[in-house]
Amino acid sequence: MENTKRKKVKHVLNYSKILLIGLFSVILAACGGNIPDTTDWKLENFQYINQDNEQISLEDLKGEVTVANMVFTNCTTVCPPMTANMARLQRMADEELLDVQFLSFSVDPEVDSPEVLKEFGNNFEADYTSWDFLTGYTQEEIEAFGMENFKTIVAKPKNGGEVVHGTSFYLIDQEGTVIKSYDGLDVPYEEILEHVEILLSQ
């Protein structure tokens, strides 16, 4: 009889352990374990101006989850669809009540003044309460910034051709670290929003 009781107690303890392991697994998954192939690119300090001539710095990103990309207003190829895709992602995030910021760095700052960027953003019905278009640096600075922070080439041809730049969307966590990059033309919207939600849950 005593042996039977011990077996029952042991069974209950084992079952409890299984439940606890399962619970911890769920908690760990919610803390970022579900984001595969993450990067660990620390953004350097910066202080630029947005479409409203307001200063935006790395410190403004701290505590926020941000999706960033690189565009320019005279682009006739990838930038219009990328910006349309970012606008769609912004609307989807709003619909899901996800508190996420959006950032577009101009790769042609000598042309893209705040006023020009504002007009460009208006074409895509950008919501500026959570989306900043940045300029206020030299061409050399943004070329170095793109390579050092986003591991992507930015190059303006000397012959006056269009600026060469990457077409990725970058997910930045609350500490200012680039966590992951995604295709900005064939955008995995649901995947990005899922990863945003994981970061927000931390």
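A polar contact here is a pair of N or O atoms within 3.5 Å; inside a protein, one must be able to donate a hydrogen and the other to accept it, and residues adjacent in sequence count only if both atoms are side-chain atoms. One such pair has the side chain of S201 reaching the backbone oxygen of I198 at 2.6 Å.

This is a predicted model, where local features need pLDDT of at least 70, side-chain atom pairs count only at pLDDT 80 or more, and totals for chains, interfaces and linings use all residues. Residues are numbered from 1 along each chain as its sequence is written, and side-chain values use heavy atoms, leaving out hydrogens and water.

Now for two serines. Buried means under 20% relative accessible area, exposed over 50%, and partly exposed in between (1.4 Å probe, protein chains only). Helices (H or I, at least four residues) and strands (E, at least two) are DSSP runs, numbered from the N terminus.

| Residue | Place | Relative accessible area |
|---|---|---|
| S201 | segment after α6 (189-200) | 44%, partly exposed |
| S57 | strand β3 (residues 55-57) | 12%, buried |

Leaving aside residues up to four places away in sequence, S57 touches F46 and Q47 (heavy atoms within 4.5 Å).

On to the sheet. Strands pair if DSSP finds at least two bridges between them. Six strands make an open sheet in the order β1-β10-β9-β4-β5-β6, with mixed pairing. At its edges sit β1 (41-42) and β6 (131-134), each pairing on one side only. Inside the sheet order, β4 (residues 65-71) and β9 (residues 168-172) run antiparallel, joined by three bridges. V67 has L171 in β9 as its bridge partner.
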